[in-house]
Amino acid sequence: MSEKHTIIQVALDFVDIHRAIKVACEAIEGGADWLEIGTPLIKSEGMNAIRRLREIFPDTTLVADMKTMDAGRVEMEMAAKAGANIAVVMGNAPGATIRECVLAGKNYGIKVCADFMDADAIDERIGIVEKCGVDYISIHTAIDDQMSGKTPFDVLRHICENAHTPVAVAGGINSENVVDAVNAGAQIVIVGGYITKSENARDAANNIRQAVKENRRIQTGFFKRVTREDVRNAFMKLSTANISDGRHRAKSIVGLYPVNPSVKLIGTAVTVRTYPGDWAKPVEAIDIAKEGDVIVIDAGGTGPAVWGELATHSAIQKKLSGLVVYGAVRDTAEIKQLNFPVYTKLVMPDAGEPKGLGEINVPLNISGIQIMPGDWIIGDEDGLMAVPQAESEISVNYGMDCLEKENRIRKEILSEKSSLGRVTDLLKWEKK
């Protein structure tokens, strides 16, 4: 597929029109072709979002992502009269709705794209929408599915081989994988976060254009979703605040503080329950743990100390990633010198005796947070988060989404010499 036949469409999935306009201007400067008024923007600003963008971009193709499921005639008319060139109906909408969208499109001069988010019975459904006369088909991996590492490319390749209608693709497209979309046969690539959350949307759009033109992957550190093998590296980029925000303000482990505040802690938990001051099981856990693990000890939240310098040397020899103690540690000066990540409730010089009471790799509950063996433990200067192993991919991907959005907002605050309240229209979104 030559570059001139590949359309770059930017999905403006904002909730504030002024931010959407700013990114749209940058993206068009960078080589984007079409602008999509995303569903969040339409729900937030209504048809006025389309009207406003039409005023600013009189000659640019505007796509209204209506996600129509019913009332096809009314919604196509609304989009057309507001100034959209294309409007979106869901591919799994009733056949009658799709037919009404197409008829209304012909009447009001707007083209119709059928958007497929669900791959169930997709071949049959595409046959139906093509018979209805839609102008485009979109293969779309939903944002929430992307957070589990899903991509649209396998379905895209199959559909492009069989469809008789131009095919668009959406779902986590970035400068690395856009070539996969084009090589699979997509004639329209819909790019969202890679452009809209970039600090410089013009450069991001230009990277997409260059990647398509040269059929070359342009590496990016952000705007891509990870699978289980990449979770550790992704957690390295995130703060505990990012992780909490990404999981709907998830609660942190409280009451513990870092011995080395500047050293980040990331690893999977080897859990230990022991009697206060009994350091036998904590030391035994070092031999059980594997490289990259974090030992998490519940010693009842009190002293004497169950960990010190010699245990730390042993943990470093095993290449462990850190220690969390709901109890006491000692030898903190030496632990700081060794640069080993340790979070503890208490520090005291007196240690207990190795009596061997307790258990290893059992469920723990520290400050109301359940920690299972194998759960991810992340610690930084803000505190500690525990992420269940089964939720690690989703948590890290939503955390990355939060980080990427913050990067864009920070750039807007600094470049516009503005404030967080103004950039995010805080007053507009206050609960009345």
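In this predicted model, aspartate 230 lies in the loop that runs between helix 11 (201-214) and helix 12. With a relative accessible area of 36%, aspartate 230 is partly exposed. Valine 396 is 166 residues away from aspartate 230 along the chain, yet the C-alpha atoms of the two are separated by 9.7 Å.

Helix 12 (residues 231-237) also takes part in an aromatic contact. A pair of aromatic rings is conveniently described by the distance of the centres and the angle of the planes. A search of the whole structure returns 4 aromatic pairs. One of these is formed by tryptophan 34 and tyrosine 136, whose rings meet edge-to-face, at 5.8 Å centre to centre and with 75° between the planes. This pair ties together distant parts of the chain, since tryptophan 34 belongs to strand 2 (residues 34-37) and tyrosine 136 to strand 6 (residues 136-140), 102 residues apart. Both tryptophan 34 and tyrosine 136 are buried. Phenylalanine 235 and tryptophan 376 have ring centres 5.5 Å apart and planes at 45°, so this pair is tilted. Here, too, distant parts of the chain are linked: phenylalanine 235 sits in helix 12 and tryptophan 376 in strand 17 (residues 376-380), 141 residues apart. Phenylalanine 235 is buried, its relative accessible area being 0%, and tryptophan 376 counts as buried at 7% relative accessibility.

Aromatic residues also come together as a group, with Tyr194, Phe222 and Phe223 forming one cluster. A charge joins the picture at phenylalanine 222: the charged end of lysine 237 sits over its ring, 5.8 Å from the centre.

Turning to the nonpolar interior, it helps to recall that in soluble globular proteins nonpolar side chains tend to be buried together. The largest nonpolar core of the model has 72 residues, and the members touching the most others are Leu12, Ile139, Leu156 and Ile195. Leaving aside residues up to four places away in sequence, leucine 156 touches Ile139, Val167, Ala168, Val169, Ala181, Ala184 and Ala186. Another core, of 20 residues, lies apart from the largest one and includes Ala289, Val325, Val329 and Val342.

Two helices deserve a closer look. Helix 1 (residues 17-29) has 13 residues, which at 1.5 Å a residue should span 18 Å; the C-alpha atoms at its ends are 18 Å apart, so expectation and model agree. Buried positions in helix 1 are Ile17, Arg19, Ala20, Ile21, Val23, Ala24, Glu26 and Ala27. Just after helix 1 comes glycine 31, with a positive phi of about 115°.

Which residues of helix 15 (residues 309-317) are buried? They are Ala311, Thr312 and Ala315. These residues cover an arc of only 100° around the axis, which means that they lie on the same side of helix 15. The pattern is a familiar one: an α-helix has 3.6 residues a turn, so residues three or four places apart point the same way. On the face turned away from the buried side, helix 15 carries the exposed residues Leu310 and Gln317. The buried residues of helix 15 are covered by elements including helix 14 (280-288) and helix 16 (332-338). Helix 15 is followed by lysine 319, which has a positive phi, near 60°.

Methods:
Residues are numbered from 1 along each chain as its sequence is written. This is a predicted model: local features need pLDDT of at least 70, side-chain atom pairs count only at pLDDT 80 or more; totals for chains, interfaces and linings use all residues. Side-chain values use heavy atoms; hydrogens and water are left out. Buried means under 20% relative accessible area, exposed over 50%, partly exposed in between (1.4 Å probe, protein chains only). Helices (H or I, at least four residues) and strands (E, at least two) are DSSP runs, numbered from the N terminus. The arc is that of the directions from the helix axis to the C-beta atoms. Contact means heavy atoms within 4.5 Å. Rings of Phe, Tyr and Trp (its six-membered ring) pair if their centres lie within 6.5 Å; planes under 30 degrees apart count as stacked, over 60 as edge-to-face and the rest as tilted. A charge sits over a ring if NZ of Lys or CZ of Arg is within 6 Å of the ring centre and within 35 degrees of the ring normal. The expected span of a helix is 1.5 Å times one less than its number of residues. A nonpolar core is a set of buried Ala, Val, Leu, Ile, Met, Phe, Trp, Tyr and Cys residues joined through side-chain atoms within 4.5 Å.
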